[in-house]
Amino acid sequence: MHDRPRASLGRILLDLGNTVLDVAASPGVLDVEVTGVHIFDPLDELLVPPGGILLAVGVHGAPEICSLIDLAPEAAGIVVKLPVDVDEQVRAKVLETGVAVLGLTRAASWSQVAALLRSLLAEGDLAEPGEGPQGDLFALANAVCALLDAPVTIEDRSSRVLAFSGRQEEADPGRVETVLGRQVPERYQRMLDEKGFFKQLYQSRDPIYIEMTDGSLDRVAVAVRTGDEILGSIWAAVREPLSEQRQRALTDAAKIVALQLLRERAGADTQRRLRADLLSTVLAGDADAHEAAGRLGIATERLCVLAAQLTDASAADPARGESDRQRFCDALALHVGAIHPKAAAALVGSVAYAVLPLHAGGDEERRAVRVAESFLARVGPRHAANIGVGRMAANLSQVARSRADADRALRVLRARGSRGQVAGYTTVHFESLLLQVADVAAAEEQSPTGPYERLLAHDAEHGSELVATLRAYLDAFGDVNVAAAKVHVHANTFRYRLKRLLEISGLDLSDPDARLTVMLQMRIFGR
């Protein structure tokens with residue numbers, strides 16, 4: 001884990017440049033240490049610790065800005081969408097409290113800036129002044145920018161932005177969009193792939209020059225590799241080809257970036273395993289749960305567990321599937337962390353679990369479902385997944401129950417064949433019970449009995465569809481016309497089949513217990 005202090009607000013703004021954030025009102029030197037990123041929600045209690053950056057979603061006008069500063073007087077700064085209404089009252093409030101007011105470009109969404117800031121802070125990626133260029137990827141990006149005299153991004157194999165230099169405002173709209181989204185837009189990836197630039201990039205050990213045809217600045221790129229493994233690439237937005245000296249500098253920089261990526265990959269893997277182990281202990285709810293929660297820095301009361309699982313993780317390529325699951329979990333951790341500073345998420349097996357603290361106010365499960373739905377709406381284009389939501393746990397000893405609830409709700413969604421859905425446990429309770437009964441029946445090697453058994457045997461022997469006929473009849477509450485339409489036969493044909501199945505099975509449809517028995521067997525044995 002990193003022991004060094006987090007970056008100052010001034011350092012963050014220096015590295016971001018004015019592409020994303022600009023200072024609207026400053027108390028002076030912005031050397032306050034940034035501790036985290038928080039989102040303002042007028043319906044929730046505002047808890048911003050010292051050094052937090054508060055994203056003022058929906059806040060407009062000088063009076064609202066002043067009121068928000070009063071609510072978070074120890075924050076490092078608050079972020080308001082441009083244009084920011086700064087008057088003498090706002091300036092006085094900023095000088096009084098030391099809370100800076102920052103303006104966010106209108107081209108950026110709140111989710112983008114939250115992800116951008118939190119991802120920078122989470123790994124200690126921003127170096128403090130005086131650290132060498134080997135300190136982290138952002139410092140390396142700035143060093144390469146100085147060598148090439150051009151704004152730089154460092155990207156992974158999937159064109160996700162791992163780090164970027166300053167001076168991005170000197171580039172083009174495509175680069176700005178890339179930095180804001182921390183991902184090269186799909187249209188640019190497709191264009192580069194169709195023209196063979198990616199193939200050329202990964203086959204060459206020297207920088208390649210890419211002429212852009214859409215009015216954007218040209219690019220110079222070099223692959224970052226260790227041996228034959230491609231780790232990523234460095235991209236510079238340039239106005240002309242690099243000199244031979246600068247090409248050599250870029251090639252040398254790629255070797256340093258490769259070493260840093262390997263170090264960060266090893267460190268990230270270790271930290272993820274540690275967080276997964278600690279969160280597993282919390283989810284178990286045993287005697288060590290309090291110590292694990294303390295090490296994770298998460299809440300210990302009024303918690304709700306979310307269990308999220310990808311529905312289309314690659315089975316053909318296990319490594320790709322594991323990478324997709326880890327990115328999905330990282331996104332979930334970012335999402336719940338932006339909602340509450342004492343939330344946590346980790347990948348346990350193939351399921352990403354999140355522990356989400358909830359303020360009192362009733363309907364906690366429904367609020368957690370909305371959080372999960374909001375997350376899936378944001379990652380849906382990239383990650384198709386389902387999420388089960390457990391009941392609220394009043395304390396750590398009840399977290400195990402909430403985790404079991406979330407697992408059962410997730411299982412119901414899998415059994416339905418759902419994709420991109422969220423289910424709270426209480427809404428799928430009965431379906432979950434039926435699945436548990438089916439587990440017991442399978443474990444004890446039980447099989448259908450009575451009228452249902454006789455119908456199954458007849459269908460198997462004669463190729464008839466009496467079970468389907470009975471299921472349609474029960475589903476239609478005895479309405480023959482509706483049931484006949486469901487199985488695509490004439491109503492008279494359906495009546496004949498119904499008469500036959502009653503004769504063969506001996507089922508008494510006038511007996512409510514008999515109807516319930518056969519309906520439950522259909523659900524439990526699923527034939």
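These legends go with four close-up views of a predicted model.

**View 1. Thr-178 and the residues it touches.** Look for Thr-178 in helix H6, which covers residues 173–181. Thr-178 is buried, and its relative accessible area is just 5%. Leaving aside residues up to four places away in sequence, Thr-178 touches Val-161, Gln-183, Val-184 and Pro-185.

**View 2. Phe-198 and Tyr-202, a stacked pair.** The model has 4 aromatic pairs. One of them joins Phe-198 and Tyr-202, with 6.2 Å centre to centre and 15° between the planes. Because the two residues sit 4 apart in helix H8 (residues 197–203), about one helical turn separates Phe-198 from Tyr-202. Phe-198 counts as buried at 13% relative accessibility, and Tyr-202 is buried too, at 17%. Here, Phe-198 also pairs with Trp-235, this time edge-to-face, at 6.4 Å centre to centre and 75° between the planes. Phe-198 belongs to helix H8 and Trp-235 to strand E10 (residues 229–238), so this pair ties together parts 37 residues apart in sequence.

**View 3. The cluster of Phe-198, Tyr-202 and Trp-235.** Step back a little and these three residues make up one aromatic cluster. Trp-235 is buried, just as Phe-198 is. Tyr-202 has another neighbour to look for: Arg-157 lies over the face of its ring, 4.4 Å from the ring centre.

**View 4. Arg-403 over the ring of Tyr-353.** Here's another charge-over-ring spot. The charged end of Arg-403 sits 4.5 Å from the centre of the Tyr-353 ring.

Key: Residues numbered from 1 in each chain as written. Predicted model: local features only at pLDDT ≥ 70, side-chain atom pairs only at ≥ 80, totals over all residues. Heavy atoms only, no water. Buried < 20%, exposed > 50% of the residue type's maximum accessible area, 1.4 Å probe, protein only. Contact = heavy atoms within 4.5 Å. Phe/Tyr/Trp six-rings, centres within 6.5 Å; stacked < 30°, edge-to-face > 60°. Lys NZ or Arg CZ within 6 Å of the ring centre and 35° of its normal.
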